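This report describes a single protein chain. The sequence and structure come first, and the notes follow.

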Amino acid sequence: MAADLCDLQVHINGQQTFYIHEKTITRFSGKLRKLIKKEKKRTQIRKTGIEIHDFPGGSDGFELFSRFCYNNGEIDITVSNVSLLHCCAVFLSMNDTLVPKTTDLYNRISDWSFKDVRDCLKSCTPIFTYADSFGIIDKLISNLILKITQQSDSNISLLIPSSSSSSSPDSSTVKSGGTLLRLSSGSSSSKGLWWYDDMTILPPFVIERFVKALGGYGNENTSLTLTRFLLHYLKTSCQSKTQAFLKSEYGGLADTAVYGVVLMGKSAFSCRGLFWVLRIVSGFGLSRECRGGLERLIGGMLDQAKVDDLLVSNSGSSGVYDVNLVLRLIRESNKVEGVCLERMKKVGGLLDKYLGEIAPDQSLKISKFLGVAESLPDCARDCFDGVYKAIDIYLESHPCLSLEERSRLCRCLNYEKLSLEACKDLAKNPRIPPRIAVQALVSQHSNIPTVYTNDHHQDYSYIINDHNHQTPLTKSSRELMVLYNNNGAHDHLQYDSADHSSRTSSRYDQADKELDEGVVKLNLQKMQWRVVELEKVCREMKGQMSKMVKGDRVMLSGSSHGRPLPRLC
């Protein structure tokens, strides 16, 4: 009895097998009828069944079709299943049974609400190719646009004859059913933008068709309203916990949004707003052309940015922040014609703060740090204290750097533009190479104004010996510098001014004396730090040697030929 009720096996898309009653199914499907008639060996059919490939909706579609057949040609057709039923009916050549029922519901689409049209579009996701080939997608999108224009206020939408032309430069138009639809961005009220959130449930390929229907896809996008909708849609998709589609499927929409942003430019987006756009579209495979246009726009407004704007996370593995992006923005900023010094100084202050934020990154390379620090000329900074602080943070976060690397890092400093306090800190900083510290002190001293008498105008050149490197110093006629001399076992001071003690009081006024005292004080502090450092090293060496001596004594105590080691003082 069960064999008579289920006398036919149907394999759908190689995924699932249905056991059905042949007469019941073939009664409503002409295609199934023809398929079975072509088979000559009915018994072979009963054993293996028939296979149907590329069935619309797979097992879900065939199950819905089977219910229609077993219910004697009756089924509840709604906006959620009409598209699937219609595709199955056309695929199975049910032109006299199911196709008229689904067509009738589509003919009454003008009575549908916006939500009905949207839900019907969403139900087409698994059968998009079939629905598109059968004309369902175009029909639904055209009516979706009509619903948006009808339910929005007059400032947002307008239905005008197709022979008319739009006078607004910021409008999106679509020819649909002999009419021309225009989505104007004249109002930003929530009443006019209600459809933004409602459209976010649709897949990217449906939104792409929606934008194309509006005539604003790609570089044809001239609508601020459409641009804002796409940014909202991309932002929502990016924040979604369940990613049903690949990021690359949003690439066309991201490019379209950026084209609109670049076209509107500064008139519609602030500098912070542009960084917000950049963060949204960066994860969707933006084309090089669109990325370049957006970065060019941001670079022209870089002086208005905040340090938080520049802290864009890096999607790669070469660091926490995207430093390459900032370097590109700086290059675009430097290309702006007629850049005033004030604007450049604002960018310089911004970069000093940015360096301080990225310096603790363990993965940040010296070349990237120097690339940002040296991207602007010296005139962009009145003071280099911010750069020095960033260098100090970097050195503290990267304790394994060699002397050469630390010296290379300090090359971006302009010692003459360091404040006195920063120079003092640099001189006492153990992470700064000694040669760099001395150069900074000398540069500071060279900035001190000097007063010469008429009978004495002579320049002196100083040579600093530091680790067998000779560095010529700047000119000075009255400098009392503490120099380090490694020639011999004892460090000593060299005073490089002829008859200094007898002529100082007569050659300088009181202001110059105070400046001289400040320089001497700095040099003495440097000397004190050096002494403390050497004492510490000496103590460590003494301790290590004592341990070695004790160990050797233990080893030699059992030997009669062992000689005692001399004691260390």
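The sections below cover the overall make-up, two helix pairs, salt bridges, two buried residues and two loop residues.

## Overall make-up

The model is predicted. The chain has 569 residues, of which 46% are buried. Its secondary structure amounts to 26 helices and 8 strands.

Taking contacts between residues at least 6 apart in sequence, 69% of them link residues at least 24 apart.

## Helices H18 and H19

Helix H18 covers residues 323-335 and helix H19 covers residues 341-358; the two pack at about 170°, and their axes are 12 Å apart. An angle over 145 degrees counts as roughly antiparallel, and H18 and H19 are therefore roughly antiparallel to each other.

On the H18 side the contact involves Val323, Val326, Ile330 and Ser333, and on the H19 side Arg343, Val347, Leu351, Tyr354 and Ile358. By class, the residues of this contact of H18 with H19 are 7 nonpolar, 1 polar and 1 charged.

## Helices H5 and H6

Helix H5 (residues 58-70) packs against helix H6 (residues 82-91) at an angle of about 80°, with 10 Å between the axes. This angle makes H5 roughly perpendicular to H6. Asp60, Gly61 and Leu64 of H5 make the contact with Leu84, Leu85 and Cys88 of H6. The residues of the contact of H5 with H6 comprise 4 nonpolar, 1 polar and 1 charged.

Helix H5 also holds a salt bridge, between Glu63 and Arg67. The closest N and O atoms of Glu63 and Arg67 are 3.0 Å apart. The two residues are 4 apart in helix H5, so about one helical turn separates Glu63 from Arg67. Glu63 is partly exposed at 34% relative accessibility, while Arg67 is exposed at 52%.

## Other salt bridges

Side chains of opposite charge can pair when their charged atoms come close. The structure holds 17 salt bridges. One of them joins Asp104 and Arg108, with an N to O distance of 3.4 Å. Asp104 is partly exposed, with a relative accessibility of 39%. Arg108 is also partly exposed, with a relative accessible area of 39%.

Another salt bridge connects Arg209 with Asp132, at 2.9 Å from N to O. Arg209 belongs to helix H12 (residues 204-213) and Asp132 to helix H9 (residues 128-133), so this pair ties together parts that are 77 residues apart in sequence. Asp132 is partly exposed, at 26% relative accessibility. Elsewhere, Lys115, Arg118, Asp119 and Asp198 are joined into one network by salt bridges that share partners.

## Buried residues Arg406 and Ala437

Arg406 is part of helix H22, which runs over residues 403-409. Arg406 is buried but has no salt bridge. Glu405 is the nearest side chain of opposite charge, at a distance of 7.4 Å, whereas a salt bridge requires the nitrogen to be within 4 Å of a carboxyl oxygen. With neighbours within four places in sequence left aside, the contacts of Arg406 are Leu395, Leu401, Pro430, Arg431, Ile432 and Pro433.

Ala437 is located in helix H24 (residues 434-446). The relative accessible area of Ala437 is 0%, so Ala437 is buried. Ala427 is 10 residues from Ala437 in sequence, and their C-alpha atoms are 5.1 Å apart in space.

## Positive phi in two loops

Most residues other than glycine have a negative phi. Asn13 is not a glycine, yet has a positive phi of about 55°. Asn13 sits in the loop between strand S1 (8-12) and strand S2 (16-20). With a relative accessible area of 24%, Asn13 is partly exposed.

Asn72 likewise has a positive phi, near 60°, and is a residue other than glycine. Asn72 is in the loop between H5 and H6, the two helices described above as roughly perpendicular. The relative accessible area of Asn72 is 48%, so Asn72 counts as partly exposed.

Notes
Residues numbered from 1 in each chain as written. Predicted model: local features only at pLDDT ≥ 70, side-chain atom pairs only at ≥ 80, totals over all residues. Heavy atoms only, no water. Buried < 20%, exposed > 50% of the residue type's maximum accessible area, 1.4 Å probe, protein only. Lys, Arg positive; Asp, Glu negative; His and termini not counted. Contact = heavy atoms within 4.5 Å. Axes fitted to C-alpha atoms, helices over the stretch in contact; angles between N-to-C directions. Parallel < 35°, antiparallel > 145°, perpendicular 65-115°, else oblique. Nonpolar A, V, L, I, M, F, W, Y, C, P; charged D, E, K, R; others polar.
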